[in-house]
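Here are a few short exercises on burial, contacts and nonpolar clusters. Have a look at the model, then work through each solution step by step.

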Amino acid sequence: MGWENQPLNEAPLITTETAEGICRLGMNRPEKKNALSAIMYAQLAEGLKHADQDPAVRVILIHGTPECFTAGNDLKDFRDSPPTEGNSTVFQFLETISTAVKPIAAAVNGPAIGIGTSMLLHCDLVYAGENSTFQLPFVNLGLCPEAGSSYLLPLFLGHQRAAELLLLGKPFSAAKAFELGLVNQVIPDGDALPAALEVCREVAALPPAALRETKQLIKQHTAPVVADAMRHEGQAFLNRLKSPEAQEAFAAFFERRPPDFSAFQ
Ligand code: COA
């Protein structure tokens, strides 16, 4: 699946723009809170791969729209046409972002939910607006962690703090994300994207081969474990998507009611 599947007369769901050595990849589906559909993952993966290989690009910047980073995976997709195999576009995106050789920055505004938070674990520099909120509601949706978060979060935060985020799945603020070390800086509302762009300009002026080498060295010990964790999580996630617990959670979201898990064992 690729860019060609999108009708030409519609605004792109993923915007790409390269200037000054910075490739900007924007999630652009504001009416659905930038929820990521299968085609959007394919376009993000393609955009990332292209930027990672393009000699004109020194740094990649991922962002959403002014009100929202992303509400995570499209729950309609999860309900009606869930990924069924390990090479689905969501997994292609995760593999691409976790193995990119060039620095990746992110500018977050508003909600960053599910993969909206877990993709940040694969970014190198994260700038978050004061209004941004983060959440890993996998258990709440009858699902389980993805994107290597079951390994990376305990590694970054320690077991208890990671378990709190992953088991309870509650939203947390930009200030909390900063305290946990998940974002580099909290920026006044409206300024996260310009602030991230400013840092990207600094990065783009640095020697590119040294940047790549340094990123590779930083990640060399965790990379194989992350890949392994993502494989295990992916299989568990595909199974959880079919579970009655997940079906109840998806139905509840679209019926705008609280889920009822009382009948499950
Ligand atoms: N998948 C599909 N559609 C989504 C979505 C998602 N993850 N998140 C939001 N939407 C849709 C809503 O269904 C709604 O569509 P509609 O206008 O056709 O009814 C639209 O986006 C606006 O969402 P709404 O819930 O009305 O906005 P809000 O400002 O009240 O709340 C969120 C915003 C992001 C907090 C809320 O939408 C939310 O919790 N979304 C689900 C997050 C989630 O669980 N993601 C999956 C993680 S694995």
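**Exercise 1.** Work out whether lysine 215 is buried or exposed, and what surrounds it.

*Solution.* Start with the area: lysine 215 has a relative accessible area of 6%. Buried means under 20%, exposed over 50% and partly exposed in between, with a 1.4 Å probe and protein chains only, so lysine 215 is buried. Next, place it: lysine 215 sits in helix α9, residues 208-219 (helices are DSSP runs of H or I, at least four residues, numbered from the N terminus). Last, list its contacts (heavy atoms within 4.5 Å): skipping neighbours within four places in sequence, lysine 215 meets Ala100, Val101, Lys102, Pro103, Ile104, His122 and Asp124.

A word on ground rules: this is a predicted model, where local features need pLDDT of at least 70, side-chain atom pairs count only at pLDDT 80 or more, and totals for chains, interfaces and linings use all residues. Residues are numbered from 1 along each chain as its sequence is written, and side-chain values use heavy atoms, leaving out hydrogens and water.

**Exercise 2.** Find the residues with the most contacts inside the largest nonpolar core.

*Solution.* A nonpolar core is a set of buried Ala, Val, Leu, Ile, Met, Phe, Trp, Tyr and Cys residues joined through side-chain atoms within 4.5 Å. The largest one has 63 residues, and Ile62, Phe93, Phe134, Leu143 and Leu182 have the most contacts inside it. Helix α1 (residues 38-53) supplies the largest share of this core, 7 residues. A second, separate core has 15 residues, among them Ala192, Val199, Val203 and Leu211.

**Exercise 3.** Classify leucine 168 by its accessibility.

*Solution.* Leucine 168 lies in helix α6, residues 159-168. Its relative accessibility is 47%, so leucine 168 is partly exposed.

How values were computed:
Helices (H or I, at least four residues) and strands (E, at least two) are DSSP runs, numbered from the N terminus.
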